[in-house]
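Some labels used for a model need a reason behind them. The questions below ask for that reason, and the answers set each value against its cut-off.

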Amino acid sequence: MKGRLLLSATILVIFLLTVIAGGCAPGTPVADGTALYNHITKENEYKKWKMWPGKQALYPGTEPHGALLTTYVTDGAFSAIDGKKGSIPNGSIIVKENYMPDKTLAAVTVMYKVKGYDSANNDWFWLKYAPNGAIDAQGKVGDCIACHGKRRDNDFIFTGSLKP
Ligand code: HEC
């Protein structure tokens, strides 16, 4: 009797662990353009994420990114932005599609926060790729950091204040 109970309990625990592990989001990629690209286009497709809180697809953008923008964020980033937490948590990814005025995709720009990656600049990994997936820029990209650095007080983020 005891043995059977133990067996049932073990099976239950294994079952629960499988369900929990299966339900978890896939792990975060290393700080590398190809790994990040594969992650957001295959393992954890960004088009299935939430859009930036309060933004719809193809909202008007400014220089240099594009006339029309669609921006997706991971759940942790969504909560931090929506809850005005002041900064974006480690492991967060922000993917912005940059469109021409005629709605053709021109490029995709990504910010990925990797703990310890670039402590002088809030640990952002920067990525820009063409619609065919060819990587234009990646890593600690000087251009991206210089311009986004104007919003150092806002965790290098332009689209909306992260503070209450
Ligand atoms: C000359 C300034 C400038 C440069 C250079 C620049 N950005 Fe931006 N970026 C902006 C502005 C302004 C926004 C807000 C969206 C808009 O209005 O276009 C933005 C928005 C973003 C966003 C959405 C999150 C946010 O900060 O609002 C991402 C992701 C992004 N940029 C990535 C990049 C990457 C990657 C590079 C380098 C390849 C880059 N940016 C270079 C000005 C810049």
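Q: Which element gives the most to the shell around the ligand?
A: In this predicted model, helix 4 gives the most, with 4 residues. The elements that give two or more residues to this shell also include strand 3 (68-73) and strand 4 (93-99).

Q: What makes a residue count as near the ligand, and which residues come nearest?
A: The C-beta atom, placed from the backbone, must lie within 6 Å of the ligand. Around the ligand there are 23 residues, and G61, C144, C147, F158 and T159 come nearest.

Q: How do the residues of the shell around the ligand divide by kind?
A: The shell has 13 nonpolar, 7 polar and 3 charged residues. Gly counts as polar and Cys as nonpolar in this division.

Q: Why is K103 called exposed?
A: The cut-off for exposed is 12 or fewer other C-beta atoms within 10 Å. K103 has 10, so K103 is exposed. K103 sits in the loop between strand 4 and strand 5, and its phi is near 70°, a positive value in a residue other than glycine.

Q: Why is N122 called partly exposed?
A: Buried needs 20 or more other C-beta atoms within 10 Å, and exposed needs 12 or fewer. N122 has 18, which lies in between, so N122 is partly exposed. The loop between strand 5 and strand 6 holds N122, whose phi is near 60°.

Q: What makes the peptide bond from E63 to P64 cis?
A: Omega of this bond is near 0°. P64 lies in the loop between strand 2 (59-60) and strand 3.

Definitions and conventions
Residues numbered from 1 in each chain as written. Predicted model: local features only at pLDDT ≥ 70, side-chain atom pairs only at ≥ 80, totals over all residues.
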